[in-house]
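Colleague: I would like a close look at one loop of this model, with enough of the rest of the chain to place it. Please start with the overall fold and then go down to single residues.

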Amino acid sequence: MKIAILDDYQNVALSLADWDSLHADIEVFTRHIADRDELVRRLAGFDVVVAMRERTPFPDEVLAGLPDLRLLVTTGHRNASIDVAAATRRGIVVCGTGYLPHPTAELTWALILAAVRHLPKEERAMREGGWQTTLGTSLHGSTLGLLGLGRLGSRVAGIGQAFGMRTIAWSHNLTPERAAEHGVTAVSKERLFAESDVLSIHLVLGERTRGLVTAAEFALMKPTALLVNTSRGPIVDESALVQALRQGDIGGAALDVYDTEPLPADHPLRSLPNTVLTPHIGYVTRDVYEVFYRDAVADIAAFAQGSPIRVITA
């Protein structure tokens with residue numbers, strides 16, 4: 001059995017699970033392969049591919065070029081970049097793994113605190129011999145808006161409440177009763193954008209959420225407001241966000257996710273002074289990766305024995 005492990009940027013996959021138990025020929029790809037033709041060429045002959053989240057898309061066009069592929073394992077329990085229906089038609093089994101939600105909630109707060117206290121600028125100034133160059137903003141008494149109040153949004157809300165923030169939320173299906181269970185007030189979408197001092201996005205990317213945050217929403221926001229996105233880039237109209245940041249329509253953005261990943265080196269977000277940017281590391285922690293790779297090994301072993309587990313269906 002030949003196994004390809006994709007997008008292992010830190011080259012840690014083999015150290016975090018018992019891959020030797022599979023008695024397989026394993027190749028680790030530490031560099032992202034963005035070109036579709038190169039991806040098909042490099043994966044030729046592999047029986048199993050382990051994909052890291054949504055870093056590498058697997059549309060039908062790619063699957064068609066991989067006739068030897070029998071099992072596609074995605075880390076996490078869903079992957080919007082895999083055409084699961086096409087894989088099923090081609091006889092390719094798609095399996096997922098477990099996941100831990102708390103690291104992304106933790107990174108959300110790292111981004112919020114870094115942005116409101118200008119930590120990147122102050123840290124750079126310290127290394128350059130400087131001292132106190134900015135004036136920060138307190139969170140206590142301000143309003144935290146949650147665009148989405150599921151597992152992650154509710155965790156982020158609880159931490160906001162510990163900081164003494166008022167918490168409000170909106171999503172398509174959120175009820176006042178459900179919000180109240182987390183000490184949060186459900187409001188309209190318009191009120192969410194208008195009243196939030198910090199607006200944090202916690203939605204699954206789908207037909208209803210793609211492009212949900214546009215120039216119209218930025219126009220509702222306070223000129224001092226901070227937009228935080230640790231969910232998925234395409235939920236936000238990225239061009240409208242860049243324009244809003246350039247024009248000062250909002251105070252800033254703290255981002256871990258983008259339309260195109262890795263973010264192009266010349267992307268305008270990289271040069272805007274009112275942003276805090278991280279390279280989609282919300283889930284990139286040792287405990288999460290141990291779950292990912294341990295479960296991936298178990299998925300492959302179960303498949304080899306003829307009893308696939310954690311199968312994802314269209």
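What radius of gyration would a compact globule with 314 residues have, and what does the chain have? After that, which residues does E54 contact in the loop between strand 3 and helix 2, leaving aside its neighbours within four places in sequence?

Modeller: This is a predicted model, in which local features need pLDDT of at least 70 and side-chain atom pairs count only at pLDDT 80 or more, whereas totals for chains, interfaces and linings use all residues. Residues are numbered from 1 along each chain as its sequence is written, and side-chain values use heavy atoms, with hydrogens and water left out.

On the overall size, a compact globule with 314 residues would have a radius of gyration near 20 Å, and the chain agrees with this at 21 Å. That radius is taken over C-alpha atoms, and the globule rule is 2.2 Å times the number of residues to the power 0.38. The C-alpha trace spans about 55 × 50 × 30 Å along its principal axes. The chain has 11 helices and 12 strands, which are DSSP runs numbered from the N terminus (helices: H or I, at least four residues; strands: E, at least two).

Of the 314 residues, 50% count as buried. Buried means under 20% relative accessible area, exposed means over 50%, and partly exposed lies in between, with a 1.4 Å probe and protein chains only. The accessible surface is about 14800 Å², and carbon and sulfur atoms account for 51% of it; such areas come from the Shrake-Rupley method with a 1.4 Å probe, and for residues only the protein chains shown count as cover. Taking contacts (heavy atoms within 4.5 Å) between residues at least 6 apart in sequence, 61% join residues at least 24 apart.

Two UniProt annotations, both from an unreviewed entry, help with the layout. The feature "domain: D-isomer specific 2-hydroxyacid dehydrogenase catalytic" covers residues 17-308, where the chain is 35% helix and 14% strand and the end C-alpha atoms are 19 Å apart. The feature "domain: D-isomer specific 2-hydroxyacid dehydrogenase NAD-binding" is placed at residues 110-282; over that stretch the chain is 32% helix and 16% strand, with end C-alpha atoms 10 Å apart. UniProt positions are given in the numbering used here, feature names are shortened, and annotations may be inferred rather than shown by experiment.

Now to the loop itself. E54 is found between strand 3 (48-51) and helix 2 (60-64). At 24% relative accessibility, E54 counts as partly exposed. Leaving aside neighbours within four places in sequence, E54 is in contact with N79, A80, S81 and R232. The C-alpha atoms of E54 and G76 lie 9.5 Å apart, while the two residues are 22 apart in sequence.

R53 lies in the same loop, between strand 3 and helix 2. Its relative accessibility is 10%, so R53 counts as buried. The backbone at R53 has a phi near 50°, a positive value in a residue other than glycine. Most residues other than glycine have a negative phi, and most peptide bonds are trans.

Other loops give points to set beside this one. Q132, in the loop between helix 5 (119-127) and strand 6 (143-147), also has a positive phi near 50°. Unlike R53, which is buried, Q132 counts as exposed at 66% relative accessibility. G129 is found in the loop between helix 5 and strand 6 too, and is exposed, with a relative accessible area of 66%. The C-alpha atoms of G129 and V284 are 32 Å apart, for a sequence separation of 155 residues.

The loop between strand 11 (252-255) and strand 12 (275-277) holds S271 and P262. The peptide bond from E261 to P262 is cis, with omega near -5°. S271 is exposed, with a relative accessible area of 59%; its C-alpha atom is separated by 11 Å from that of L245, 26 residues away along the chain.

For a helix residue to set against the loops, take D295 in helix 11 (residues 286-304). At 8% relative accessibility, D295 counts as buried. Not counting residues up to four places away in sequence, D295 touches T97, G98 and R310.
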